[in-house]
Amino acid sequence: LLLGWFRRAADQGNPRAEASLGNCYLIGHGVEQSHETALEFYLRAADQGDANAQYSLGKCYFRGHGIEQSYDTAVEWLRRAADQGNARAEASLGECYSNGHGV
């Protein structure tokens, strides 16, 4: 039921719903798992400035989920989310600096 509401809201361009659908597809919650589809939803929401989606997109690039791994691109998206105060992105960005990934 909730998945249906996420889809309706995402179809109307709601970035929170798009990010939530991305999460569902990333882990296969209520849908067949698809990193590629998760990435599409994250990108739609991230382009609208959703910090959670930007963080998730950064993690996808970092891990190579649904797309070729790129630490540089991961850091770009993590930085956008961190600039909005997303604590998970700030921590992940710190790990990138600590380990020399993409910085």
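# Notebook: charges, cysteines and cores in a predicted model

**Aspartate 50.** I began with aspartate 50, which sits in the loop between helix H3 (35-47) and helix H4 (51-63). I kept in mind throughout that this is a predicted model. I noted that aspartate 50 is buried and yet has no salt bridge, the nearest side chain of opposite charge being that of arginine 16, 5.1 Å away. Since a salt bridge is counted within 4 Å, I did not enter this pair as one. I then looked for what the side chain of aspartate 50 does reach, and found the backbone nitrogen of asparagine 52 at 3.2 Å. Leaving aside neighbours within four places in sequence, I listed Pro15, Arg16, Ala19 and Ala45 as the residues in contact with aspartate 50.

**Lysine 59.** I turned next to lysine 59, which is found in helix H4. What is the nearest side chain of opposite charge to lysine 59? I found it to be glutamate 95, 5.0 Å away, and I recorded lysine 59 as buried and without a salt bridge. Not counting residues up to four places away in sequence, lysine 59 touches Leu78 and Ser92.

**The salt bridge.** Having looked at two charged residues without a partner, I asked how many salt bridges the structure holds. The count came to one. I traced this salt bridge to glutamate 18 and arginine 44, whose closest N and O atoms are 3.2 Å apart. The pair links distant parts of the chain, with glutamate 18 in helix H2 and arginine 44 in helix H3, 26 residues apart. I also checked the accessibility of each partner: glutamate 18 counts as buried because its relative accessibility is 2%, whereas arginine 44, with a relative accessible area of 38%, is partly exposed.

**Cysteines.** I searched for disulfides and found zero in the structure. Cysteine 24 is in no disulfide, and the nearest cysteine sulfur, that of cysteine 60, is 14 Å away. Why does cysteine 60 form no bond with cysteine 24? I wrote down that the sulfur of cysteine 60 has its closest cysteine sulfur in cysteine 24, and that this one is 14 Å away and therefore too far for a bond. I entered cysteine 24 as buried, at 7% relative accessibility, and cysteine 60 as buried too, at 2%.

**Nonpolar cores.** I then went through the largest nonpolar core, which has 21 residues, and noted that Tyr42 and Leu57 touch the most other members. Helix H1 (2-11), helix H2 (15-27), H3, H4 and helix H5 (71-83) each supply at least two residues of this core. Apart from this core lies another, of nine residues, among them Ala51, Tyr55, Val75 and Leu93. I followed leucine 57 further, and with residues up to four places away in sequence left out, leucine 57 touches Leu39, Tyr42, Leu43, Ala46 and Trp77.

**Leucine 78.** I located leucine 78 in helix H5, and I counted leucine 78 as buried because its relative accessibility is 0%. Which residues does leucine 78 touch, not counting those up to four places away in sequence? My list reads Gln54, Tyr55, Gly58, Lys59, Ala89, Ser92, Leu93 and Cys96. I also took the separation from glycine 28, which is 50 residues apart from leucine 78 along the chain, and obtained 23 Å between the C-alpha atoms.

**Glutamine 84.** I placed glutamine 84 in the loop between H5 and helix H6 (87-99), and at 46% relative accessibility I entered glutamine 84 as partly exposed. The side chain of glutamine 84 has a polar atom 3.1 Å from the backbone oxygen of glycine 49. Residues up to four places away in sequence aside, glutamine 84 touches Gly49, Ala51 and Gln54. Asparagine 52, already met beside the side chain of aspartate 50 at 3.2 Å, is 32 residues apart in sequence from glutamine 84 and 9.6 Å apart in space, C-alpha to C-alpha.

**Tryptophan 5.** My last entry concerns tryptophan 5, in helix H1. Is tryptophan 5 buried or exposed? I recorded tryptophan 5 as exposed, because its relative accessible area is 52% and the cut-off for exposed is over 50%. Between the C-alpha atoms of tryptophan 5 and histidine 101, 96 residues apart along the chain, I noted 37 Å.

Conventions: Residues numbered from 1 in each chain as written. Predicted model: local features only at pLDDT ≥ 70, side-chain atom pairs only at ≥ 80, totals over all residues. Heavy atoms only, no water. Disulfide = S-S within 2.5 Å. Buried < 20%, exposed > 50% of the residue type's maximum accessible area, 1.4 Å probe, protein only. Helix = DSSP H or I, 4+ residues; strand = E, 2+ residues; numbered from the N terminus. Lys, Arg positive; Asp, Glu negative; His and termini not counted. Polar contact = N/O pair within 3.5 Å; in protein donor to acceptor, adjacent residues only side chain to side chain. Contact = heavy atoms within 4.5 Å. Core = buried A, V, L, I, M, F, W, Y, C linked by side-chain atoms within 4.5 Å.
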